[in-house]
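The exercises below go from the whole chain to single residues. Try each task before reading its solution.

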Amino acid sequence: MTLPVPAHIRSLVPYPPGKPMEELERELGITGVVKLASNENALGPSPKALAAIAAALPGLHRYPDGSGFYLKKALAERLGVEATEIVLGNGSNELIELLAEIFLAPGDEAILSHPTFLVYQKMIQARGGCAKVVPLQDFGHDLAAIAGQVTARTRMIFLDNPNNPAGTVFGQAAFRDFLAQLPAHLLVVLDEAYVDFVSPELAWDSVAYRLAQPPVAILRTFSKAYGLAGLRIGYGVMAPEVSDLANRIRQPFNVNTLAQIGALAALADREHLAATLAMTREGIARLAAGVAALGCRPYPSQTNFFLVDLGRPAKPVYEAMLHRGVIVRPMAAYDLPSFLRITPGTPAENERCLAALAAALDPARP
Ligand SMILES: *Cc1c(COP(=O)(O)O)cnc(C)c1O
């Protein structure tokens, strides 16, 4: 049976299904698998978030607060915006989806870089939109080329800053010049999933641009620096006109109770964030030095992951590391077939990663 669904839905490619780690361990006959593939926080969640979540469990028979009152209030105070300018999402992924749903009708254009976060392309395609792809230049967004692709049918531009997978950033002056070249009839989505990791000399405050022309929707997440990927919560800062549209289209209870409570506690836990940033910086420095010593080329990164060019097909190396219980991300899906993307873990996990890479590169080694 072939059901009559639109071709742009039929041609969507499912997200590659990862196995539960327990299944993988059973299949490989090993234990203690180390996952350094998804830019998660190896320190775990904030202990304060865990305590707040535990205290909230007896209230789970109630629907969540559909307005996200306390979390929006805390975020608004932190960011210097109105609570009405914040939209919460079931991960920032949901916000990407909601914005594509609002702004794209079939045939409308959206511009994105390549490589970039894979979810943008998927959400554009799911709306029947037309994705215009602009290659990164020297592993950074080519803002001039992106501006040059805008037409009367362009409704959205997606920019991840820092970029996933390259780990590069653009600065405020470049972004301001970029916006000045754009017409007002589109939305710029500025995805700052990794903004907490950007070094202070390169960091800038994007929030004021929500009110620029064209407007900018700034997306952030609790999945990375805040260690709450499993809870699914992110937020967007948007002009009132945009947040109003998002609130009309979203499900009334899109963000669950534990996610709201955990995120609120994590936001207040500055110690956990500081420890996360320190662990990440030290981990990337150690891993980059280690992979360089093995003859591979690490790329600098402003995030909690970095790219390594192995100078040979990465898939067999990825597989050999997997058999040694270390999961990293092969980059063929991003058209970087000789690259791995590695998220630093704990110091012990990083040493295991380097040992697995060494053995994978040179199978003759013990
Ligand atoms: C990980 C990541 C996200 C986060 O998605 P969530 O749905 O909030 O977990 C968003 N954008 C980019 C570029 C990412 O790498």
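The model is predicted. Buried residues make up 51% of the 366 residues in the chain.

**Exercise 1. Describe the overall build of the chain.**

Step 1. Start with the secondary structure: there are 13 helices and 13 strands.

Step 2. Take the outer dimensions. Along the principal axes, the C-alpha atoms fill a box of roughly 60 × 55 × 50 Å.

Step 3. Compare with a compact globule. For 366 residues such a globule would have a radius of gyration near 21 Å, and the chain agrees because its own value is 21 Å.

Step 4. Look at the contacts. Of those with a separation of 6 or more, 74% are between residues 24 or more positions apart.

**Exercise 2. Describe the surface and the charges.**

Step 1. The chain exposes about 16,700 Å², and 58% of this area comes from carbon and sulfur atoms.

Step 2. Count the charged side chains: 32 are positive and 34 are negative. The centres of the two sets lie 3 Å apart.

**Exercise 3. Which residues of helix H9 are buried, and what covers them?**

Step 1. Helix H9 spans residues 240-249, and its buried residues include Val 242, Ser 243 and Ala 246. Buried here means a relative accessible area under 20%.

Step 2. View H9 down its axis. The buried residues fall within an arc of 95°, so they line one face of the helix.

Step 3. Turn to the other side of H9, where Glu 241 and Arg 248 are exposed.

Step 4. Find the cover. The elements over the buried residues of H9 include strand E2 (86-89), helix H5 (92-103) and strand E6 (187-191).

**Exercise 4. Find backbone angles that depart from the usual pattern.**

Step 1. Recall the pattern: most residues other than glycine have a negative phi, and most peptide bonds are trans.

Step 2. Check the peptide bonds. Asn 161 and Pro 162 are joined by a cis bond with omega about 0°. Another cis bond runs from Asn 164 to Pro 165, with omega near 25°.

Step 3. Place the two prolines. Pro 162 sits in the loop between strand E5 (154-160) and helix H8 (172-180), and Pro 165 is also found between E5 and H8.

Step 4. Check phi. Phe 139 is not a glycine, yet its phi is positive, about 65°; its loop lies between strand E4 (130-135) and helix H7 (143-148).

Step 5. Arg 232, not a glycine either, has a positive phi of about 65°. Arg 232 belongs to the loop between strand E7 (216-221) and strand E8 (234-237).

Step 6. Classify Arg 232 by accessibility. Its relative accessible area is 28%, so Arg 232 is partly exposed.

Definitions and conventions. Residues numbered from 1 in each chain as written. Predicted model: local features only at pLDDT ≥ 70, side-chain atom pairs only at ≥ 80, totals over all residues. Heavy atoms only, no water. Helix = DSSP H or I, 4+ residues; strand = E, 2+ residues; numbered from the N terminus. Rg over C-alpha atoms; globule rule 2.2 N^0.38 Å. Buried < 20%, exposed > 50% of the residue type's maximum accessible area, 1.4 Å probe, protein only. Contact = heavy atoms within 4.5 Å. Areas by Shrake-Rupley, 256 points an atom, 1.4 Å probe, with all protein chains shown as cover. Lys, Arg positive; Asp, Glu negative; His and termini not counted. Charge placed at Lys NZ, Arg CZ, Asp CG, Glu CD. Arc of directions from axis to C-beta.
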